Amino acid sequence: MRDNDAELISRTLAGDETAFTLLVKKYHKHVHTLAWHKIGDFHIAEDITQETFLQVYRDLATLREPNRFSGWLYVVTNHRCIAWFRKHRLHVQVVEGINMAMKREAAYSRYVADEQAKTVTEAQQKVVILTSFHRFNRRAV
């Protein structure tokens, strides 16, 4: 006999943990598949699936129409995926921003080092020229 979602939700809200386990078993593959397709990583999809069912368990009492559980579950899964993307995109942007700052700093440091090397080289060339000039003038006297 197949339990319908509304009955399982009612039993879960009454404290029957086995009923929620049945909901998880019934929808686990669907939620994981959805998360996997959206995220593109099997293991991250597993994490999102767990987070989704935790959120569903916490928020189950807010579901007004238990007959629409599967649609609500889809929305919750989708929101968990969006949250994952936001978190990781922000992290990537911060890292990219740090990398860009480091690249600019490295480029500026290279520029300063090159300028200093050029100045040192020019100073060394002047010393060589002056030394050679003085030697030549001593011989001429």
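Is Lys-26 buried, exposed or partly exposed? Here are a few friendly notes on that residue and its surroundings, bearing in mind that this is a predicted model.

1. **Lys-26 itself.** With a relative accessibility of 28%, Lys-26 counts as partly exposed, because that class covers values between 20% and 50%. You will find Lys-26 in helix H2, which spans residues 17-39.

2. **Its partner, Asp-5.** Look next at Asp-5, which sits in helix H1 (residues 5-13). Asp-5 has a relative accessible area of 11% and is therefore buried, the cut-off being under 20%.

3. **How the two meet.** Along the sequence, 21 residues separate Lys-26 from Asp-5, and their C-alpha atoms are 9.5 Å apart in space. The side chains nonetheless reach one another: Lys-26 makes a polar contact of 2.7 Å with the side chain of Asp-5.

4. **What else is around Asp-5?** Which side chain besides that of Lys-26 has a polar contact with Asp-5? It is Tyr-27, whose side chain is joined to that of Asp-5 by a polar contact of 2.4 Å. Leaving aside residues up to four places away in sequence, Asp-5 touches Leu-23, Lys-26, Tyr-27, Pro-66, Phe-69 and Ser-70.

5. **H2 against H3.** The helix that carries Lys-26 also packs beside another one. The axes of H2 and helix H3 (residues 42-59) come within 8 Å and cross at roughly 140°. That angle makes H2 oblique to H3, because only angles over 145 degrees would count as roughly antiparallel. The crossing is right-handed.

6. **Residues at that interface.** On the H2 side, the residues meeting H3 include Phe-20, Leu-23, Val-24, Tyr-27, Val-31 and Trp-36. Among those that H3 contributes are Phe-42, Ile-44, Ile-48, Phe-53, Val-56 and Tyr-57. Two of the names may ring a bell: Leu-23 and Tyr-27 meet H3 and also touch Asp-5.

7. **The chain as a whole.** Stepping back, the protein chain has 4 helices and 0 strands, giving the pattern α-α-α-α along the sequence. Of its 141 residues, 21% count as buried, and Asp-5 is one of the buried residues. Among contacts between residues at least 6 apart in sequence, 54% join residues at least 24 apart.

8. **Surface.** The accessible surface of the chain comes to about 10,900 Å². Carbon and sulfur atoms account for 57% of that area.

Definitions and conventions
Residues numbered from 1 in each chain as written. Predicted model: local features only at pLDDT ≥ 70, side-chain atom pairs only at ≥ 80, totals over all residues. Heavy atoms only, no water. Buried < 20%, exposed > 50% of the residue type's maximum accessible area, 1.4 Å probe, protein only. Polar contact = N/O pair within 3.5 Å; in protein donor to acceptor, adjacent residues only side chain to side chain. Contact = heavy atoms within 4.5 Å. Areas by Shrake-Rupley, 256 points an atom, 1.4 Å probe, with all protein chains shown as cover. Axes fitted to C-alpha atoms, helices over the stretch in contact; angles between N-to-C directions. Parallel < 35°, antiparallel > 145°, perpendicular 65-115°, else oblique. Left-handed = near helix turned anticlockwise from the far one by under 90°.
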